[in-house]
Amino acid sequence: MAHLYGLNGDQQKFADTAASVAKEVLAQHAADVDQKGRYPAESMKAIADAGLNGLCVATDFGGKGQPPRTFAAVVEELAKECASTAMIYPLHVTAGQQIGAATNLADKEAVLKDIAGGKHLTTLAFSEKGSRSNFWAPSSSLEADGDGFKTNANKSWVTTAREADSYVSSGRMPGAETPLASTLYLVRKGQPGIEIKGDFTGLGLRGNDSAPVELKDYKLPAGDLITENGKGADGMLQVVLPWFTVGTSSMAHGLCLKAIELTGGHLAGTGIDF
């Protein structure tokens with residue numbers, strides 16, 4: 001039977017790999033991850049070991065070069081077994097696509113090769129206390145600082161806040177007259193000025209390592225800009241939004257498919273003896 005997303009033979013292999021990893025690894029740890037609200041380290045390692053972290057990274061950088069349809073199929077398979085893992089993974093892939101579209105990032109090739117090799121986990125850091133769901137209109141700003149920039153920002157929600165090696169983040173360009181005059185830049189784990197400000201205590205998805213993050217006088221060299229100054233909205237709306245929408249929709253669809261499967265199994269196994 002043809003796949004719902006029209007996968008060809010090679011694309012189907014990635015979905016099959018994701019299904020195997022999900023059943024063999026994610027399913028074994030999902031309950032514990034959610035109960036304890038812990039990061040699904042075993043699951044994320046298995047995904048990386050299977051080569052799926054670079055699923056949509058261009059082949060020039062060692063990735064698989066897969067389109068959104070393959071991405072959707074893979075996320076669905078992961079979501080059937082662990083919702084937390086299936087939240088982390090789409091953010092990683094989406095942020096990786098923005099890094100792949102970078103015009104200014106000095107070490108773009110090295111970062112993408114590390115992503116493709118399962119050595120670098122990335123995520124998004126857009127929403128702020130002053131912008132919330134209007135993620136394309138950051139309230140924080142970059143300020144010129146010598147040959148580079150610095151910024152202060154309160155990012156209200158960062159998935160994989162503690163575990164990610166980098167955040168694709170946003171701020172208004174220096175001297176911006178409108179929130180849409182923004183810039184995307186890379187925040188790197190371990191640099192001074194990054195403070196994680198809490199824990200995620202939601203109902204479900206409890207292992208996705210989300211938390212508010214504050215950037216305090218965070219310094220970034222010019223080579224850490226992902227877009228040109230003032231071009232951030234283009235990246236957020238033309239790259240991030242489409243991939244994010246595909247990823248999160250697929251996650252929700254995978255959860256629904258699993259709920260239907262479990263409900264059907266329950267009903268089929270329920271009977272009345274007369």
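For the residue classes used below, Ala, Val, Leu, Ile, Met, Phe, Trp, Tyr, Cys and Pro count as nonpolar, Asp, Glu, Lys and Arg as charged, and the others, Gly among them, as polar. This is a predicted model, where local features need pLDDT of at least 70, side-chain atom pairs count only at pLDDT 80 or more, and totals for chains, interfaces and linings use all residues. Residues are numbered from 1 along each chain as its sequence is written, and side-chain values use heavy atoms, with hydrogens and water left out.

**View A. What lines the largest cavity?** Asn53, Leu55, Cys56, Val57, His92, Val93, Gly96, Gln97 and Ile115 do the job. Sorted by class, that gives five nonpolar, four polar and no charged residues. Helix α4 (residues 83-100) supplies the largest share, four residues; helices here are DSSP runs of H or I, at least four residues, numbered from the N terminus.

**View B. Cysteine 56, with no partner.** The structure holds zero disulfides, a disulfide being a pair of cysteine sulfur atoms within 2.5 Å. Cysteine 56 can't make one because the closest cysteine sulfur, in cysteine 82, sits 20 Å away, too far for a bond. At 8% relative accessibility, cysteine 56 counts as buried (under 20% relative accessible area, with a 1.4 Å probe and protein chains only).

**View C. Cysteine 82, also in no disulfide**. For cysteine 82, the nearest cysteine sulfur belongs to cysteine 256, 16 Å away. Cysteine 82 is buried too, with a relative accessible area of 4%.

Key:
Buried < 20%, exposed > 50% of the residue type's maximum accessible area, 1.4 Å probe, protein only. 1 Å grid on protein atoms, 1.4 Å probe; cavity = no way out; pocket = protein on both sides within 12 Å on 5 of 7 lines; lining within 4 Å. Helix = DSSP H or I, 4+ residues; strand = E, 2+ residues; numbered from the N terminus.
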